[in-house]
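Colleague: Please take one kind of side-chain contact and walk me through it carefully, explaining each term as it comes up.

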Amino acid sequence: MVAGGSDGIGVGFARSLAARGLSLVLVFRRATVLDAFAHEVRGAYPVEVRTVVLDLSEARAMARLAAEAADFEVGLFNAIPWLISIVA
């Protein structure tokens, strides 16, 4: 999971993970930006990409994020949840 995954450092992390064949869950507040980056990643790498439009400052954000990604196979340490957070 990459939170802030469609801007700045998050883009770099997401591309690096995808280049290594890892599927991604990208989390960002703005749907248009998130969808455009997800489309770019899907075209460049043979990985699955799930997008979650979410403001992590919301009270139930982490519960919603966990529910959105619970069934998603990323290909690395699936028993351990990973979150790269690039949000201020």
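**Salt bridges and a helix pair**

Modeller: E68 and R64 are both found in helix α3, where four residues, about one turn of the helix, separate them; helices (H or I, at least four residues) and strands (E, at least two) are DSSP runs, numbered from the N terminus. The model is a predicted one, in which local features need pLDDT of at least 70 and side-chain atom pairs count only at pLDDT 80 or more, while totals for chains, interfaces and linings use all residues. Residues are numbered from 1 along each chain as its sequence is written, and side-chain values use heavy atoms, with hydrogens and water left out.

E68 and R64 form a salt bridge, their closest N and O atoms being 3.7 Å apart; the term stands for a side-chain nitrogen of Lys or Arg within 4 Å of a carboxyl oxygen of Asp or Glu. E68 is partly exposed at a relative accessible area of 31%, and R64 is partly exposed at 36% (buried is under 20%, exposed over 50%, partly exposed in between, with a 1.4 Å probe and protein chains only).

The structure holds three salt bridges, and another of them joins R50 to D71, with 2.8 Å between the closest N and O atoms. This pair links distant parts of the chain, since R50 belongs to strand β3 (residues 49-53) and D71 to the loop between α3 (61-69) and β4 (84-85), 21 residues apart. R50 is partly exposed, with 23% relative accessibility, whereas D71, with 60%, counts as exposed.

In the remaining pair, the side chains of E40 and R15 meet in a salt bridge at 2.4 Å, N to O. E40 lies in helix α2 (residues 31-44) and R15 in helix α1 (residues 8-19), so the pair ties together parts that are 25 residues apart in sequence. Both residues are partly exposed, E40 at 39% and R15 at 33%.

That pair leads to the two helices themselves, whose axes come within 11 Å and cross at roughly 25 degrees; axes are lines fitted to C-alpha atoms, for helices over the stretch in contact, and angles run from 0 to 180 degrees between N-to-C directions. The angle therefore makes α1 roughly parallel to α2 (under 35 degrees; over 145 is roughly antiparallel, 65 to 115 roughly perpendicular and the rest oblique). On the side of α1, the residues in contact (heavy atoms within 4.5 Å) are V11, A14, R15 and A18, and on the side of α2 they are F37, E40 and V41, so that R15 and E40, the salt-bridge partners, also belong to this contact.
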